Amino acid sequence: MVSAREARAGWLFVLPWVVGFLLLTAGPMLYSLGLSFTHYDLLRPARPAGLTNYREILQDERAAKALWNTVFFTLLHVPLLIVLALGLASLLRRAGRSAGFFRTVLFLPTMTPPVALAALFLLLLNGQNGAINAMLGWFGFTGPQWTTDPAWIKPGLVLMSLWTVGSTAVLYLAALTRVPGERYEAARLDGASPWRQFWHVTLPGISGTVYFTLIVNTIASLQVFTEAYTMFFGARPSTPAEGDAALFYVIYLFQEAFGSLRMGYASALAWVLFLVIAAITALQVRLSRDYVQYEDRS
Amino acid sequence: MTRRAPVLLALVAVGVLFAYPFWWLVSASLKDRSHVFDNALLPAPVSPQNYTEVWRAVPLLAWVGNSVAVGVAAAVAATVSSAVVAFGFARFRFRGRTVLFGLVLATMMLPAAVTMVPVYLEWHAVGLATTQIPLWAGNLFGSAFYVFLLRQFFLGLPAEVFDAARVDGAGPWRQFASIALPLARPGLIVVFVFELKAAWTDLIRPLIYLREPELYTLPRGLKAVLDRFGQGGEAQWELVMAASVVATVPMILLFLVAQRYFVRGVVTQRVEE
């Protein structure tokens, strides 16, 4: 039996969130849906535009380029992030008493403000005298022009993002320690090799966590903005080749909204992004049903 | 012990690789203009005047002050409001609670880029679009991830303490303020440091809202320094590196004092659907 007093108290406590939801989420979403059918530049009142904005997106080569760049970055970044984080977490798991120290070292890069990270990696990734190509040189490789060759700009950005793999690795480490030890013992008794143990015990045991990071990092990568914007956009008029290779969807949205003041068009771009992200997330949820085992958590 | 040796060796290699960019950054910030690209581990000659020079060229102190003010306001607002909301979900039964909490979780998946334009237009409509207020005031309404996280903390508290307090005549607000809050202190610290970091490192909102350089937060200021002294033309990368160190060091210190709270926050991140 829910008492009226208790219900009233409950509603009062959650009221701030309800107000915020209406003011900063649901309201704005409806507002932007409405705006997406108008032309609006802040100076003059919005003019109805019907489906013009959406039709323009279909023919907008920069929007298509931006979407492609973003999908390409995501497809490269997310799998590499997950594999690297898993590898590092497995190492930390076996590190014994020094695990705490190495966990700190791996986690620290995630604290770096992305603007500082981007400024630093502009120099580290520099094709002529950057430290990364110098290191590749020790092993006899000639590194690419990470910051100027359009073909290598996105891989360079992925490489930079992987420096902040630490938080995902720490999350996996926590998941690894929750996999019951008996399962490994049983596998060993069956004569399973370490590789088979990984595939048949470890991976199923942490599949829920891996799946969570897949979804969250896909959503985040599809909105990649700060590092690429810092490196290739802003006050500097970027040379077309570099600018186009690093033109991600949210950067384009940002330019249309706050550079060109095309609020209606930017709102249509935002809704397209929302639908793309929702569709990809729904697909991932559907696929996960076949692969994810939910581990016991208590 | 021998079994562990290859693991430790690999970790040392990885550790060096992950620490190196920090070392490079600090070292470059202390090199003079002709040596900033030389990849030498130690600066020679040492040029600490980079810091005073960038200090003179841009209002760095004002930016640090702005970042502290905005960061603390954002963190306090997020912590207090999320705690209130989380307590409502954890402690009281009311009709619609399950649906509403589902909505909270759903907004976590909502891409922020989608509300960027309309929220700006709202601030524009109330005449605050070029102030620092939009950088933190949105946090006054509780934020989904923190509500989720603090609800977990509150659910972990024994119900008996609240029942006892109620028998003693404590109303809902006193149960929250004098019992739940002190007991959930670790959770509150997690939220505070997470949001402090988020506000301190954010670029996109300062880019949208701040026009006057005196109002810039550090990331926005650092972007201006990069545009002017980096690729912009004047080519004084040693100043860009010095400003980058200034923006980064507070976060490193924050992590070193609050490491376990950051780790705890990351580990609690996972939401069961």
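# A walk through a predicted two-chain model

Select A:Y40 to start: this residue is buried, with a relative accessible area of 18%. Because buried here means under 20% relative accessible area, A:Y40 makes the cut at 18%. Keep in mind as you go that the model is predicted.

**Stop 1: around A:Y40**

Zoom in on the backbone, and you will find A:Y40 in the loop between β1 (38-39) and β2 (47-48) of chain A. Now show what surrounds the residue. Leaving out residues up to four places away in sequence, A:Y40 touches A:L35, A:P45, A:A46, A:L261, A:R262, A:M263 and A:G264, and from chain B it touches B:L121. Next, draw a distance from A:Y40 to A:L136: the two C-alpha atoms are 50 Å apart in space, while the residues are 96 apart in sequence.

Stay in this loop and select A:L42, which also sits between β1 and β2 of chain A. Its phi is near 75°, a positive value in a residue other than glycine. A:L42 is buried too, with a relative accessible area of 17%.

**Stop 2: chain A as a whole**

Zoom out and colour chain A by secondary structure. How many helices and strands are there in chain A? Look for 14 helices and two strands. Along its principal axes, the C-alpha trace of chain A spans about 75 × 75 × 35 Å. Chain A has 298 residues, and 55% of them are buried. If you take the contacts in chain A between residues at least 6 apart in sequence, 68% join residues at least 24 apart.

**Stop 3: the largest pocket**

Turn on a surface and look for the largest pocket, with a volume of about 720 Å³. Its lining has 24 residues, and those closest to the pocket centre are A:I82, A:V210, A:Y211, A:L214 and A:Y291. Three helices of chain A each give two or more residues to this lining: α3 (61-93), α10 (194-221) and α14. Which element gives the most to the lining? That is α10 of chain A, with nine residues.

While α14 is in view, pick out A:T281, which lies in this helix (residues 263-291) of chain A. Is A:T281 buried or exposed? At 15% relative accessibility, A:T281 counts as buried. Beyond its neighbours within four places in sequence, A:T281 is in contact with A:I215 and A:I219.

**Stop 4: the nonpolar core**

Now select the largest nonpolar core, a set of 192 residues. B:F154 and B:M241 have the most contacts inside this core. The largest share of the core, 17 residues, comes from helix α12 (residues 237-268) of chain B. Domain 1 (1-47) and domain 2 (59-268) of chain B each supply at least three residues to this core.

Centre the view on B:M241 and show both chains. Not counting residues up to four places away in sequence, B:M241 touches A:A119, A:L120 and A:L123 of chain A, along with B:W24, B:L25, B:A28 and B:S29 of chain B.

**Stop 5: the domains and a loop of chain B**

Colour the two assigned domains of chain B separately: residues 1-47 form domain 1 and residues 59-268 form domain 2. Their C-alpha centres lie 32 Å apart. Where the two meet, the contact takes 10 residues from each domain.

Next, find the loop between α1 (5-29) and α2 (49-57) of chain B, where B:P45 lies. A cis peptide bond joins B:A44 and B:P45, with omega about -5°. B:N39 lies in this loop between α1 and α2 as well, and its phi is near 60°, a positive value in a residue other than glycine.

**Stop 6: annotated spans of chain B**

An unreviewed UniProt entry places the feature "transmembrane region" at several spans of chain B, including residues 99-121 and 239-258. Select residues 99-121 of chain B: this span is 70% helix and 0% strand, with its end C-alpha atoms 29 Å apart. Then select residues 239-258 of chain B, a span that is 100% helix and 0% strand, with its end C-alpha atoms 29 Å apart.

**Last stop: hidden space**

A search of the whole structure finds two cavities of 30 Å³ or more. The second largest cavity holds about 50 Å³ of space. To find this cavity, select the residues that line it: B:V70, B:L135, B:A199, B:D202, B:R205, B:P206 and B:T217.

Key. Residues are numbered from 1 along each chain as its sequence is written. Chains are lettered from A and ligands numbered from 1 in the order in which they are written. This is a predicted model: local features need pLDDT of at least 70, side-chain atom pairs count only at pLDDT 80 or more; totals for chains, interfaces and linings use all residues. Side-chain values use heavy atoms; hydrogens and water are left out. UniProt positions are given in the numbering used here, feature names are shortened, and annotations may be inferred rather than shown by experiment. Helices (H or I, at least four residues) and strands (E, at least two) are DSSP runs, numbered from the N terminus. A nonpolar core is a set of buried Ala, Val, Leu, Ile, Met, Phe, Trp, Tyr and Cys residues joined through side-chain atoms within 4.5 Å. Buried means under 20% relative accessible area, exposed over 50%, partly exposed in between (1.4 Å probe, protein chains only). Domain bounds come from an automatic or database domain assignment. Contact means heavy atoms within 4.5 Å. On a 1 Å grid over the protein atoms alone, a cavity is a set of points where a 1.4 Å probe fits but cannot get out, and a pocket is an open set with protein on both sides within 12 Å along at least five of seven lines; lining residues have an atom within 4 Å of a point. Grid points are joined across faces, edges and corners, and a volume is the space filled by probe spheres set on the points.
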